[in-house]
Every structure is written in structure tokens, then in C-alpha cells.
Amino acid sequence: MQCLEMTTKRKLIGRLVPCRCFRGEEEIISVLDYSHCSLQQVPKEVFNFERTLEELYLDANQIEELPKQLFNCQALRKLSIPDNDLSNLPTTIASLVNLKELDISKNGVQEFPENIKCCKCLTIIEASVNPISKLPDGFTQLLNLTQLYLNDAFLEFLPANFGRLVKLRILELRENHLKTLPNI
């Protein structure tokens, strides 16, 4: 049985078991938390709330890939999937145009897709402990980025226009393979 924590617009929080009883509900679900549930895939129940879901927590599971349907969640502002078994971030991430926070730390993600640049609302990216050797040039178009965590990755260099990220207040790059930094 899977555990589920949800929050509605009325800030009703509870520990629930997903079941058919949701079908008659008129509640607008904005937050789902499936952290530490030993999941191997994103639960299908998530897609029942794709119009209203703003925050999705899938921390510490064994999820290997993100389904295409997840990227139909247009209201999603926070996607948290650290400590899973992801090996890539699909190009469909570009459809999450309202995404503000992305946590993919402690996975096996090797690169960001070039079209991450379409996620212009991103303010926080946590991608530490992933074998990322480089950031795409499109990364420098994330002009609202204020916090970037890329510790314990395999970064060899940063994009030449990295200095364009003028709102960046926290940049963590410990334990990488950087030899030089771009001019600002």
C-alpha cells in the first residue's frame, strides 16, 4: 500500500491511502508527497490532479524514469525527485513553464537537456551528486535562477555566458573537475 500526503487549496493536510474515494472529491489538490514510499514509478494517481498540482515530492524512491504524462502538469511549481534512480531528464521538461524549483539531486542524471531554457521561471535547481560533465548553453537563459547547487558532479567547465545569471545568489560547485571559470 502506498502512502500519500496531500494538501488542498484549503490547506487540508493528511496521511491518506490512494483509493477510489477521490473520484467524488471536488477538492483541488495542489501538493502530493510520495516520499520514502519505495516507488519504482510515478503513481498514476498523480495525473488525476494534473490541472491543479503545484508541488510533487517523490524523494527517496527507486524511480528510473519520468513518464511523459507528468509533463502535462502545467501548474507544477516544485518538482522534487532526489535520491532516485533517474539517468536522464527528458526534453519534455520544457513544457513545465511554471516550474520554479527542481530537485534532482542524488540520481544518475548525466546532462540537462538544451531546452531546459524554456523553464524560465526556475529560481532554484538542486542537482548535486549527479554525473553531469557540462551544462548546456541554454542554461544561461534561466535568468531568474537565484540558487544553483551542483556539488559532487563531474563538471569540467561552465557555459561561456554563465555570467548572464545576474540574479544568482547561491552557487555551490564543490567537488567538481573545474579548472577555470568563465569571465563575468
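Biologist: How many salt bridges does the count come to?
Modeller: The count comes to 4 salt bridges. Keep in mind that this is a predicted model.

Biologist: OK, which residue does Glu 54 form a salt bridge with?
Modeller: Glu 54 pairs with Arg 77, and their closest N and O atoms are 2.9 Å apart.

Biologist: And where do those two sit along the chain?
Modeller: In distant parts of the chain, 23 residues apart. Glu 54 is in the loop between strand E3 (29-33) and strand E4 (55-57), while Arg 77 is in the loop between E4 and strand E5 (78-80).

Biologist: Is Glu 54 buried or exposed?
Modeller: Buried, with a relative accessible area of 19%. Its partner Arg 77 is partly exposed, at 33%.

Biologist: What else does the side chain of Arg 77 meet in a salt bridge?
Modeller: Glu 55, with an N to O distance of 3.9 Å. That pair also links distant parts of the chain: Glu 55 is in strand E4, Arg 77 is in the loop between E4 and E5, and they are 22 residues apart.

Biologist: So which residues are linked in a network?
Modeller: Glu 54, Glu 55 and Arg 77 are linked in a network of salt bridges.

Biologist: Moving along, what does Lys 78 meet in a salt bridge?
Modeller: Glu 101, at 3.3 Å from N to O. Here strand E5, which holds Lys 78, is linked to strand E6 (residues 101-103), which holds Glu 101. The two residues are 23 residues apart.

Biologist: Are Glu 101 and Lys 78 buried, or partly exposed?
Modeller: Glu 101 is partly exposed, with a relative accessible area of 28%. Lys 78 counts as partly exposed too, at 23% relative accessibility.

Biologist: Changing topic: how many disulfides does a search of the whole structure find?
Modeller: The search finds 0 disulfides.

Biologist: Why is there no bond for Cys 118?
Modeller: Because the closest cysteine sulfur, in Cys 119, is 6.8 Å from the sulfur of Cys 118, which is too far for a bond. The cut-off for a disulfide is within 2.5 Å.

Biologist: And how far away is the nearest cysteine sulfur for Cys 121?
Modeller: It is 8.7 Å away, again in Cys 119, and Cys 121 is in no disulfide.

Biologist: Those two cysteines, Cys 118 and Cys 121: what is the accessibility of each?
Modeller: Cys 118 is partly exposed, with a relative accessible area of 35%. Cys 121 counts as partly exposed as well, at 29% relative accessibility.

Technical notes. Residues are numbered from 1 along each chain as its sequence is written. This is a predicted model: local features need pLDDT of at least 70, side-chain atom pairs count only at pLDDT 80 or more; totals for chains, interfaces and linings use all residues. Side-chain values use heavy atoms; hydrogens and water are left out. Buried means under 20% relative accessible area, exposed over 50%, partly exposed in between (1.4 Å probe, protein chains only). Helices (H or I, at least four residues) and strands (E, at least two) are DSSP runs, numbered from the N terminus.
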